[in-house]
Amino acid sequence: MTLLVLKKDGDKMRELIKPQKLNIGDKVAAVSLSWGGAGDNEIRWRYEQGRKRLEEHFGLEVVEMPNTLKGSEYVYCNPQKRAEDLMQAFSDSSVKAIISCIGGNDSIRMLPYIDFDVIQKNPKIFMGYSDSTVTHYICMKAGISSFYGPAILSDFAENVTMPQYTADAVRRTLFSSEPIGEILPSPSWTGERLDWIIQNKNTARKFSPNRHYELLQGRGRVQGRLIGGCIEVWNFLKGTSLFPPLDYFDGAILFLETAEVFSPPWLIEDELRGYGAMGILNRINAVFWGKPMSETYYEEYRDVIGKVLREFGCEDTPVLYNGSFGHNEPKTVLPYGALAEIDCENLSISILESGVR
């Protein structure tokens with residue numbers, strides 16, 4: 001069994017188990033762990049489009065769990081059923097990966113119903129972003145690595161076609177046990193919002209040329225294990241059993257991104273200051289920050305990141321900005337616990353090992 005070492009502490013090592021890689025023909029489970037819109041009549045077409053792409057472009061067999069398509073009202077009212085779907089997907093030996101239909105804002109309500117032993121004994125790929133941050137930390141608590149990346153309703157169901165950048169990231173991260181290598185920024189991007197109505201199905205969103213990574217501070221090369229997620233969702237985890245012990249952040253590369261709620265800069269400043277007070281900012285080796293949604297507050301976020309790091313004596317901590325992950329399109333895939341390297345001179349980030357075995 002291949003392991004991802006998070007931290008060495010004397011003879012004790014905290015480890016994440018790498019799941020097995022995907023192969024053509026594998027069965028993957030679609031789950032609705034937060035918002036249940038995949039089952040709503042008005043956007044069911046969107047789910048079917050994402051499912052079709054997974055099957056035709058990646059050669060996978062997509063199955064739904066018992067409650068995946070019961071609609072947003074039922075899914076909201078039944079967090080226990082959502083958790084049961086997750087447990088069933090992990091315990092079913094025929095299912096090789098689990099992909100979130102979409103995020104939302106209340107998957108934290110599954111926590112009382114999670115059986116961590118089921119997940120630990122059945123390691124497999126889980127992928128999603130945004131509110132799926134909660135499920136990533138469920139996986140981490142169970143001891144397995146998971147993948148911050150595309151969801152079915154958003155990325156796989158992108159209007160007209162799925163961006164090649166995202167498709168390539170999925171293939172090289174989930175279908176290969178070779179080291180992932182350098183993660184280049186996407187050459188183009190979009191944060192345009194188009195309603196998920198069937199009349200827009202064949203309307204492509206407007207993509208614009210992307211800027212390269214920006215180095216906000218730091219120098220040289222630094223390595224660390226990847227940990228992070230959506231900063232607004234991180235707030236849900238504080239004070240729960242899911243928030244990791246502080247030593248998980250020792251020497252880590254912290255990846256963070258912001259959601260479509262367009263958090264004002266003062267709120268991001270306050271959140272970061274809170275993590276500084278917890279001791280997290282002084283423990284990490286570097287920060288990898290995703291492009292803000294629609295580039296709203298692009299300059300302002302950049303300023304408050306540096307401001308807060310300086311407050312805690314972290315003015316030399318490397319910060320690579322404008323990552324292609326999170327709420328814009330397209331996006332890469334980031335494996336929790338994988339060893340990564342930021343090169344400040346060449347403005348690059350590389351993942352030095354595979355995400356799967």
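The largest share of the lining of the largest pocket, three residues, comes from α8. The model is predicted. The exercises below start from that pocket.

**Exercise 1.** Describe the largest pocket: how much space lies in it, and which residues are closest to its centre?

*Solution.*
- Start with the volume. The largest pocket holds about 690 Å³ of space.
- Next, the lining. It is made up of 29 residues, and I102, Y129, R193, E260 and H327 are the closest to the centre.
- Then the helices. At least two lining residues come from each of α6 (152-156) and α8 (231-237).
- Last, the chemistry. The lining divides into 10 nonpolar, eight polar and 11 charged residues.

**Exercise 2.** Do the same for the second largest pocket: which residues lie nearest its centre, and how does its lining divide?

*Solution.*
- About 180 Å³ of space lies in this pocket.
- Its lining has 13 residues; Q20, V95, K96, P123 and K124 lie nearest the centre.
- Sort the lining by type. Three residues are nonpolar, four are polar and six are charged.

**Exercise 3.** Find how many disulfides the structure holds, then work out why C344 is not bonded to C314.

*Solution.*
- Search the whole structure. The count of disulfides is zero.
- Check C101. Its nearest cysteine sulfur belongs to C139, 16 Å away.
- Now C344. Its closest cysteine sulfur, in C314, is 14 Å away. A disulfide needs the two sulfur atoms within 2.5 Å. The C344 sulfur is therefore too far from that of C314 for a bond.

**Exercise 4.** Decide whether C101 and C344 are buried or exposed.

*Solution.*
- Buried means under 20% relative accessible area.
- C101 has 0%, so it is buried.
- C344 has 3% relative accessibility, so C344 also counts as buried.

Methods:
Residues are numbered from 1 along each chain as its sequence is written. This is a predicted model: local features need pLDDT of at least 70, side-chain atom pairs count only at pLDDT 80 or more; totals for chains, interfaces and linings use all residues. Side-chain values use heavy atoms; hydrogens and water are left out. On a 1 Å grid over the protein atoms alone, a cavity is a set of points where a 1.4 Å probe fits but cannot get out, and a pocket is an open set with protein on both sides within 12 Å along at least five of seven lines; lining residues have an atom within 4 Å of a point. Grid points are joined across faces, edges and corners, and a volume is the space filled by probe spheres set on the points. Helices (H or I, at least four residues) and strands (E, at least two) are DSSP runs, numbered from the N terminus. Ala, Val, Leu, Ile, Met, Phe, Trp, Tyr, Cys and Pro count as nonpolar, Asp, Glu, Lys and Arg as charged, and the others, Gly among them, as polar. Buried means under 20% relative accessible area, exposed over 50%, partly exposed in between (1.4 Å probe, protein chains only).
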